[in-house]
Amino acid sequence: MKGEKMTVKTFCEKRKVVIAEDETDLLENLVEFFESLDFVVAGARTGDEAWEQVRAGRPHVVVSDLLLPGCSGFDLLEKIKADAALADIPVIVLSARVDSDSVARARRLGAAEYITKPFRLAELWDAVER
């Protein structure tokens with residue numbers, strides 16, 4: 001890379017993801033999937049935990065269920081998009097809710113993608129890459 005100046009920070013910085021999912025098995029599978037892709041992963045079982053992780057670590061992407069204990073996925077999405085320092089973080093919604101009202105509300109609140117469960121990991125990866 002002759003002529004290019006690379007800093008230690010840009011070379012070593014890994015992508016970060018926060019995953020908000022209350023179903024333990026799915027959360028564990030998603031954590032394992034993203035770690036295998038060399039992401040730094042923060043898993044959260046509640047919307048409140050996810051919000052704290054987002055604020056503490058400013059991830060590159062957030063993957064969130066809608067039906068979470070405490071702060072819902074809708075609430076989490078709204079908080080992220082209302083914070084000027086975090087608003088540009090893409091939020092991918094993973095939900096079993098297929099009704100058009102939920103999809104429309106998530107999009108209106110700023111969701112980058114809305115993926116319905118069950119889903120394929122390749123589908124999620126495509127959304128992250130976009």
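This report walks through the sheet, the helix pairs and a few special spots of a predicted model.

## The sheet

Let's start with the strands. Strands of a sheet pair through backbone hydrogen bonds, in either a parallel or an antiparallel way. Here, five strands form an open sheet in the order β2-β1-β3-β4-β5, and the pairing is parallel. Which strands stand at the edges? They are β2 (40-44) and β5 (113-116); each has a single partner strand, so one side of each is left without a neighbour in the sheet. From one strand to the next, the twist averages 15 degrees.

For a look at one pairing, find β1 (residues 16-20) and β3 (residues 61-64). These two strands run in the parallel sense and are linked over four bridges. You can pick out one of the partnerships yourself: Val-18 has Val-62 in β3 as its bridge partner.

## Helices α3, α4 and α5

Now to the helices. Two packed helices are described by the angle between their axes and the distance between the axes. Helix α4 (residues 73-82) takes part in two of the packings described here, one with α5 and one with α3.

Helix α5 (residues 100-109) packs against α4 at an angle of about 20 degrees, and their axes are 9 Å apart. Angles under 35 degrees count as roughly parallel, so α4 is roughly parallel to α5. The crossing of α4 past α5 is left-handed. On the α4 side, the contact is made by Phe-74, Leu-77, Glu-78 and Lys-81, which meet Ser-102, Arg-105, Ala-106 and Leu-109 of α5. These residues divide into four nonpolar, one polar and three charged.

Helix α3 (residues 47-57) also packs with α4 at an angle of about 20 degrees, with the axes 9 Å apart. The two helices are therefore roughly parallel to each other. What is the handedness of the crossing of α3 and α4? It is right-handed. Gly-47, Asp-48, Ala-50, Trp-51 and Val-54 from α3 meet Leu-76, Lys-79 and Ile-80 from α4. By class, this contact of α3 with α4 has five nonpolar, one polar and two charged residues.

## Helices α2 and α6

Next, look at α2 and helix α6 (residues 121-129). Their axes come within 12 Å and cross at roughly 55 degrees, which means that α2 is oblique to α6. The crossing is right-handed.

Which residues of α2 meet α6? They are Leu-30, Phe-33 and Phe-34, and their partners in α6 are Leu-121, Leu-124, Trp-125 and Val-128. The contact of α2 with α6 is made up of seven nonpolar residues, with no polar and no charged ones.

## A salt bridge and two backbone details

The whole structure holds eight salt bridges. One of them joins the side chains of Asp-38 and Lys-14, at 3.0 Å from N to O. Asp-38 lies in the loop between α2 (24-36) and β2, while Lys-14 lies in the loop between α1 (8-12) and β1, so the pair ties together parts that are 24 residues apart in sequence.

Most residues other than glycine have a negative phi, and most peptide bonds are trans. Asp-38 is not a glycine, yet its phi is positive, at about 70 degrees. Further along the chain, a cis peptide bond joins Lys-117 and Pro-118, with omega at about -5 degrees. Where is Pro-118 found? Look for Pro-118 in the loop between β5 and α6.

Methods
Residues are numbered from 1 along each chain as its sequence is written. This is a predicted model: local features need pLDDT of at least 70, side-chain atom pairs count only at pLDDT 80 or more; totals for chains, interfaces and linings use all residues. Side-chain values use heavy atoms; hydrogens and water are left out. Two strands pair if DSSP finds at least two bridges between them. Axes are lines fitted to C-alpha atoms, for helices over the stretch in contact, and angles run from 0 to 180 degrees between N-to-C directions. Angles under 35 degrees count as roughly parallel, over 145 as roughly antiparallel, 65 to 115 as roughly perpendicular and the rest as oblique. A crossing is left-handed if the near helix is turned anticlockwise from the far one by less than a right angle, and right-handed if clockwise. Contact means heavy atoms within 4.5 Å. Ala, Val, Leu, Ile, Met, Phe, Trp, Tyr, Cys and Pro count as nonpolar, Asp, Glu, Lys and Arg as charged, and the others, Gly among them, as polar. A salt bridge is a side-chain nitrogen of Lys or Arg within 4 Å of a carboxyl oxygen of Asp or Glu.
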